[in-house]
Amino acid sequence: MGKFNSISLALSSLILRPIVDGKKTHSCFHSSFCCPFTTFARHVKTICKNSVSVKGRAKKHDSFDNVDNALALFNQMVQKYPMPSIVEFNKLLAAIVRMKHFAFVISLYNQIELLGVPRDVYSFNILINCLCRLDQVGFGFSVLGKMLKSGIDPDAVTLSTLINGFCIQSKVAQAVTLFDEMIRKGYQPNLIIYNTILNGLCKTRNTDEAFKLLRMMEERGLQPNIVAYNTVIDCLCKDRRVAEAFDLFSQVKDKDISLDTATYSCLIHALCTLGQLKEAIRFLDEMAANNVAKNVFTYSILVDAYCKEGMVSKAKDIVDTMIKQGIEPNVVTYNALINGHCLQNNMKEARRVFDLMIKKGCAANIFSYNIMINGYCKAKRLDEAMNLFCEMYQKGPMPDIVSYTTLLQGMCQLGRFSDAHELLKKMCAYGQVPDLVTYSILLDGLCKQGKIKEALKLLQAVQNCGLKPDIVHYNILIDSLCKGGHIKIAMELFHGLSIKSLDPNVYTYTIMISGLCKEGLPDKAYRLLRTMGENDCLPDSCCYNVMIQGFLRNGYTSKAIQLLEEMVDKGFSADACTATLFVDLVLQYGFGLKGTTSGRREISIPSMAYFALNYVYYSLAPALVFIDVGCYMPNPKCTEVFMLLGAPEIVALKFSLPQTTLEMAAVEKLLLIPEDSVPCKIQPSMAVPLILEALLKGNRQTFLRKMLIMKKYPLVQNKTEASQMIK
């Protein structure tokens, strides 16, 4: 008992904090160690007045229809003579705890204390748990002090509950302090306490500390259970340290610890997040081989992954499989499927699944409605989105800030600002306070409609409300000003960021560089590019490309080439627009890129450069090009490498198939160029097996690829099993 008193006294400065209204002092709480919780009870009595219905199967100690029934039973118990023991009261209190009416439990406990019913460690633990669940850890430690004065020793549940209370409030440092103090005083934490600390560390993303604690358990001879390992594996996966998660998974298997559904579900979710669906399915099969049961959560992960990859039909197959195995889809499963249809812009099917979910007795939650509203807004079917929004008030969950913000975005995108204004007023009337995301959407909508003055007024209104606009809001405004030709105002806003304690990011610089170049001021833009390093903001691929395009459009060809070489040296690639500008220069002026140094240089550009290769590099003639076509990658993503020889340097270009409409249009344009206008011919020399079907997406892309092959290499068919292209 002495060691518990030592712990309590040693931690008094840590735990005795002002809780209620921030007005109590440490000494006030210290005195509460020896008095009932009348202060806190007064604060919770009002919470208990309104009962909340809770469905139950039987009116026993462990289940009630609602709080009123529990109160009626309590009143019957206190009127009995002799009065029931604390064991019976504990059963009643525990049942109400399971109903999550923690404040009501505290009120009843206070009455039990006033009646003089002797309490035990279990009743104290129930009370501490309720206090911690209500974020009142300080009062929880008051109960600990009262236990010690009553001669009742806390057990592992008591201490783990207090530690968990700190973890619930994300006060992991204080939880660890209590944990360390327990060990220092000679109290050996059990597996429950270790797992509680592990859970707290992982929830706050202290992954390294959690891993160290896991190893500490092993070193001290306390074998972690599967729950502990699952907690750390899940944390590693969420931190995208998947390789380490799989290493730990292998170690667990070597220890002959039985793996459970949660273990595999964590890893399957990590694989799906990385897009490795085949490997995720392999793990699903491994679960079956090891007799590990699959649950609705496991299947829902796969359904969500397939839907996000655009493979809704396979997601449906997963749902069919789980139903055949007797596992009914839950709201998470249905939401994933609804979202998959929305991503495919198939709102008819999304609505069908939404209605089917409700028909099968699975109530739609706030996420279900938000997904549907977002889908309708993206499909520009705003009226249907608004109807669904109104339906939420009638029979669904009340709209949250996401619901309002999504609908506001849909209205702004369609230019319906009067409707957006009315919705914003309704949002405030229903107690939903607009946040910075909400205002950024309104700001973006105004700017895209060219309403710059209104946007500036909105920004000022945001500041007047006490909110501090961030760099995202200023980026929206600066971009709109640049596109509207108000470069001077944009520059003033840009230079005023430091006064507002905001640092421009790479996107801010890119916007300004683009705006200056469009105004015919590439020199100013280039100087701005060179100042980025001074502000710890280095240019990225987009920033370089915008500057190069600005040079080319303003006739600064040599500077464009120099900056292109610098960009490539830093590992970035030219984008479609940059490549197109170089092609246009060659076609118009016969300009060519010349190597300036010896050795090998790699320049990565989009697939359209495949067709422009001879034009851009005609000055290297006579050139001989060796081609590796269609290397099949597991992704599958194809890279094709062209090597030009016979110049002062070797230039290797890497690219993939045309993806965007812009790239495809440029490719079609280049295909129309007469064959005899090519300054230097490509001579195929070597090829590896080519599987077009695995690489192509969409009829237009297929057509372009076939056109290219038939134009350049008549012998190559849709499938080339061997090197028919060998010269």
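## Helices, rings and turns in a predicted model

Q: Which helices do the buried residues of α16 pack against?
A: The buried residues of α16 find their partners in four stretches of the chain, given here with their residue numbers: 226–238, 242–254, 277–289 and 296–308. Keep in mind that the model you are looking at is predicted. In order, those stretches are α14, α15, α17 and α18.

Q: Is helix α16 largely enclosed or largely open to the outside?
A: The buried residues include T261, Y264, S265, L267 and I268. In total, ten of the 13 residues of α16 are buried. That is why α16 counts as largely enclosed by the rest of the structure.

Q: How far does α16 reach from its first C-alpha to its last?
A: This helix covers residues 261–273, which is 13 residues. At 1.5 Å a residue, the expected reach is 18 Å, and the model comes close to it. From first C-alpha to last, α16 reaches 18 Å.

Q: Which residue caps the N-terminal end of α16?
A: Look for a side-chain oxygen that lies 3.2 Å from the backbone nitrogen of A262. The residue that supplies this oxygen, and so caps the helix, is D260. At the other side, α16 is followed by G275, with a positive phi near 80°. The capping residue itself is D260.

Q: How many aromatic pairs are there, and what kind is the pair of F179 and Y194?
A: The count of aromatic pairs comes to 17. For F179 and Y194, the ring centres are 5.2 Å apart and the planes meet at 75°. An angle over 60 degrees is the cut-off for one kind of pair, and F179 with Y194 is edge-to-face.

Q: How many residues apart are F179 and Y194?
A: F179 sits in helix α11 (residues 172–184), while Y194 sits in helix α12 (residues 191–203). Both residues are buried. Their pair links distant parts of the chain, with a separation of 15 residues.

Q: What kind of pair do the rings of F249 and F283 form?
A: Their centres lie 5.6 Å apart, and their planes are at 50°. F249 belongs to helix α15 and F283 to helix α17, so the pair ties together parts that are 34 residues apart in sequence. Both F249 and F283 are buried. With planes at 50°, the pair is tilted.

Q: Which residues do ring pairs link into a cluster?
A: F249 and F283 are two of the members, and you have just met them as a pair. Y264, one of the buried residues of α16, is also in the cluster. The complete set is F246, F249, Y264 and F283.

Q: Which residues of the largest nonpolar core touch the most other members?
A: In soluble globular proteins, nonpolar side chains tend to be buried together. Here the largest nonpolar core has 184 residues. I513, for example, is in contact with A525, L528, L529, C543, V546 and M547, leaving aside its neighbours within four places in sequence. The residues touching the most other members are I163, I268, I338, M372, L407 and I513.

Q: What is the C-alpha to C-alpha distance between I338 and E349?
A: I338 lies in helix α20 (residues 331–343) and counts as buried at 0% relative accessibility. Beyond four places in sequence, I338 touches A350, V353, F354, M357, I371 and M372. E349 is eleven residues away in sequence, and the C-alpha to C-alpha distance is 8.0 Å.

Q: Does D479 count as buried or exposed?
A: D479 is part of helix α28 (residues 471–483). Not counting residues up to four places away in sequence, D479 touches Y507 and I511. The cut-off for the lowest class is under 20% relative accessible area. At 19% relative accessibility, D479 therefore counts as buried.

Q: Which peptide bond is cis, with omega near 0°?
A: Look in the loop between α5 (67–79) and α6 (86–98), where P82 has its place. The cis bond leads into this proline, and it runs from Y81 to P82.

Q: What is the phi of D135, which is not a glycine?
A: D135 is in the loop between α8 (121–133) and α9 (137–149), and at 38% relative accessibility D135 counts as partly exposed. S170, in the loop between α10 (156–168) and α11, has a positive phi near 60°. For D135, phi is positive as well, at about 60°.

Definitions and conventions
Residues are numbered from 1 along each chain as its sequence is written. This is a predicted model: local features need pLDDT of at least 70, side-chain atom pairs count only at pLDDT 80 or more; totals for chains, interfaces and linings use all residues. Side-chain values use heavy atoms; hydrogens and water are left out. Helices (H or I, at least four residues) and strands (E, at least two) are DSSP runs, numbered from the N terminus. The expected span of a helix is 1.5 Å times one less than its number of residues. Buried means under 20% relative accessible area, exposed over 50%, partly exposed in between (1.4 Å probe, protein chains only). Contact means heavy atoms within 4.5 Å. A polar contact is a pair of N or O atoms within 3.5 Å; within protein, one must be able to donate a hydrogen and the other to accept it, and residues adjacent in sequence count only if both atoms are side-chain atoms. Rings of Phe, Tyr and Trp (its six-membered ring) pair if their centres lie within 6.5 Å; planes under 30 degrees apart count as stacked, over 60 as edge-to-face and the rest as tilted. A nonpolar core is a set of buried Ala, Val, Leu, Ile, Met, Phe, Trp, Tyr and Cys residues joined through side-chain atoms within 4.5 Å.
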